[in-house]
Amino acid sequence: MWLYFLVLLFTACAQSAGFSQYVDIFTGTEAGGNNFPGVARPFGMVKLGPDLLNSGTDSYSGYLPNGQFSGFSMMHEQGTGGAPKYGTVAQLPLVGDVPGVLGGVTVGRARPDQGSVGYYNAQTTDNVVVELGATAHAGMYQYTFPAGSTKNNILIDVSHVLPSFRGQGLGQGYNGGTFTLFPDGHYEATGTYNNGWNRSPDWKIYSCGYFNVAATTASAFKGQVRGAAVTQPNGVANSPNGNEYVGGLYTFQAQAVTSRVGISWISTTKACQNVNDEIPSSTAFSTVVQNTKNTWDSQVLSGITTAATDTTSLKLLYTSLYFMNLLPTNQTGENPVWQSSEPYYSDIFTLWDTFRCSTALMHVLQPVAYEEFIRSMIDVWRHDGYLPEARSSNYNGRVQGGSNADNVLADAFVKGVRGKVNWDDGYAAMVKDAEVTPINDRPDPMAPDSSTKEGRGALPDWLTYGFITPAYTRAASRAVEYAYNDFSLYQVAKGLGQIADAAKYLGRARNWRNHWDPNLTSIGFKGFIQPRNVEGFLNTDPLKDAGYWGDAYYQGSSWAYSWADIFDMQKVVEWMGGAQTFLARLETMFIPGAIPGNANGIIFDATNEPTFNVPYLFNFVNRPDRSIEQARKIAKTRYKLGPNGLPGNSDAGAMQTWLLWNMIGLYPVTGQTTFLIHSPWFSSMTISLGNNKRLVITSTGGDGNGDTNYHVQSLKVNGVAWDKGWLVYDDIFKNGGTLEFVLGPDPIQWATGSLPPSPATEPKTCSNNNCLRNLKDARYSASATQFCATYLAKVVTATSAIPPYVQQCGRSPTQVSAACSCIMTVIPTSMPTRRRHSP
């Protein structure tokens, strides 16, 4: 207990120091990480940062280490790939005479950009210093022009967006706008845009900007694309389409100029209200910066404290916490599509990336925002017809695999998230995904076979065959994900007492097995997920079949997707050849040179989400020591500080949350209450769970940094000795709790208890001599009905539930209840006395 209070004391001291000092905003901005280094509040609508133009290179979050500034804009995504989104509502400082063509103007970068939480600093080759600060719905620009210059300009180009050069048809479009100057010097603008990665149709954003000093001149302009700008004499520029750009140009004599800008999805009036509410005219720039730092410290970064003193580890911890809390965007009060009293979150980029471990950590660290997020997704279904998958600019697309909002909702449900969530509606939304094929009225050129906007486009095959044929792109990987989605429906249906639905969706969850080719061999291992048609399997090379939108597997190979359906892991173990072969196959994922012809390459792909769970699957054969070894190696070698610090796209913080779970010493199993146990990095860590609840994790015998002596020797959960390589949510998160690890240099077999749950795997209830299925034999038929009636009476809570078992008996013939149903000759009218416990 004394250690617990020491940890709390350290927490209080650390909070006073400010955790934002440990955030490196440029970590993971390059080499594909695509982190957004600009300024923002947690889940803020404004993400104000630089937009760099380097022809041929996409700037996904606006930032590039090279190129020229095309603007400093108010809207960005975080860490995404595919194609850029936003880069709208921009300003650009220019010095001297401005060319007559105002659309597409750029200026060079004089030095590397600088910044910290809440603050960004850049310098142009015109020697203009640009400093940025932000609130939730507004931003502040502070310009310092070179001494002696009297032609200091601010350009507002309404047509400005982040372009894409990948040639996939996903480049954003400008489709018209307005710009209006007002007598007091402020401006209001509206821009209409479309496309981007999620293929959104036209969407509109409104802005309102003020300057702290009077301009010597201010004008509104309009011009043909790549043509000369024409000043509008009345201070109003309008363009009904994308053929003409509009904007404004302010010229100042002052050396120091500050601009306050608000944005809104509703109106220019709301944009002006946002900026004046959040950054009143008297607000100092330093105040905006400091308030943002304070917000991050109090609302996010203080949620995890540790006794660690290693600066690198502290920076990795708090930098990861920072980047995982930029998305989704809290747009509550800024929904232009419908009016609702429910919260509204957008920029969900994407659930395919975040459902595996990010949303589970959001639940732990941000329970209020998480419940709002769940309610928001259900409200999207109420008004748009389907749950979102990658909603951005108020449009649901783009679906990469399954309807993974189902997995997120199930995870929230089984972990007890209730509050103001309407779970009847939540389940109805999930059923819509599972049963109704979305209309493909805007075919995706990269996957034209079915809708990529929402839902499950390949449902016709899934419902007809229980597998997906090559008539649909990404057939094999989608089948794996559809099975996971159906398992999620099973979990919620079961919890809501929907017995028939639960049986149906559990059966469908097992349909990943229909894509399992037991005879396909790769480097000595048999059995892999494969594409198939109605005649049979269509063999691919499991080491080389990773693909993209038009292929059988999406962003992962058969080696990767064969591990994916973790809810049925004991069946995976069985079909891979048993525990020892499963173990050997897992180890092979991490062996350099396992891929023939690639001496240094490994099969495991740390750069992408489909294999996030793989390093932790050793726990399913009671070998958490191997989970620790492999996962720790990845964490310590593939994650680091600096611009190249991430192994792949951040993907809205998905990469960062994987690292955070590694530091914590747990890994979540989405859609279940299960957490797999490995090993924590630090000698102490306290996680605030909200409502004055805490999880305190301590370790002795380690090096306090997770580099050496990290093998678990023993564990206590809430003071009780623990022998399982897993625990459940209620053990430590529902009301708080403690984990006490004893660590050492060598692995031991500490996990000797039961294996982690595999709820979709049929229980083993029979032997060669007494298997229930043998009761079909005439020798035993006389006792079949009596035996099964007795059994069902013990496990079924109501006589009325017996007929559904009988009706569904063919779906799960190896499950006890279903097997009994299959061999019963009649439905008994009288039942033996029920007992409290199963036999």
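## The nine-stranded sheet

In this predicted model, 9 strands form an open sheet in the order β5-β6-β7-β8-β17-β12-β11-β10-β15, and their pairing is antiparallel. At the edges lie β5 (114–116) and β15 (236–239), each of which pairs on one side only. From one strand to the next, the twist averages 20°.

One pairing within this order can be followed residue by residue. Strand β10 (residues 173–181) and strand β11 (residues 187–195) run antiparallel and are joined by 7 bridges. Thr 180 has Glu 188 in β11 as its bridge partner.

## Helices on the sheet

Helix α2 (residues 268–278) lies across four strands, namely β8 (138–144), β11, β12 (200–211) and β17 (256–264). The helix runs at about 45° to β12.

Helix α3 (residues 285–299) also packs on the sheet, where it touches β5, β6 (119–123), β7 (129–134) and β8. The direction of α3 makes about 50° with that of β7. Strand β8 is thus touched by α3 and also has α2 lying across it.

## The eight-stranded sheet

Another open sheet has 8 strands in the order β1-β2-β3-β4-β9-β16-β13-β14, again with antiparallel pairing. Its edge strands, β1 (39–40) and β14 (229–232), each pair on one side only.

Within this sheet, strand β2 (residues 47–53) runs antiparallel to strand β3 (residues 68–73), and 5 bridges join the two. Asp 51 stands opposite Gly 71 in β3.

## A pair of packed helices

Two packed helices are described by the angle between their axes and the distance between the axes. For helix α4 (residues 311–323) and helix α17 (residues 654–664), the angle is about 135° and the axes are 9 Å apart. Because angles over 145 degrees would count as roughly antiparallel, this angle makes α4 oblique to α17. The crossing in which α4 passes α17 is left-handed.

Which residues of the two helices meet? From α4 come Ser 313, Leu 316, Leu 317, Ser 320, Leu 321 and Phe 323, while α17 contributes Gln 656, Leu 659, Leu 660 and Met 663. Sorted by class, this contact contains 7 nonpolar and 3 polar residues, with no charged ones.

## Confidence of the model

The protein chain has a mean pLDDT of 92, and 89% of its residues reach 70 or more. In residues 1–16, however, the pLDDT is below 50, and this stretch has 14 contacts in the model beyond near neighbours in sequence. The pLDDT is likewise below 50 over residues 766–782, a stretch with 20 such contacts.

Key
Residues numbered from 1 in each chain as written. Predicted model: local features only at pLDDT ≥ 70, side-chain atom pairs only at ≥ 80, totals over all residues. Heavy atoms only, no water. Pairing = 2+ DSSP bridges. Axes fitted to C-alpha atoms, helices over the stretch in contact; angles between N-to-C directions. Contact = heavy atoms within 4.5 Å. pLDDT = per-residue confidence, 0-100. Parallel < 35°, antiparallel > 145°, perpendicular 65-115°, else oblique. Left-handed = near helix turned anticlockwise from the far one by under 90°. Nonpolar A, V, L, I, M, F, W, Y, C, P; charged D, E, K, R; others polar.
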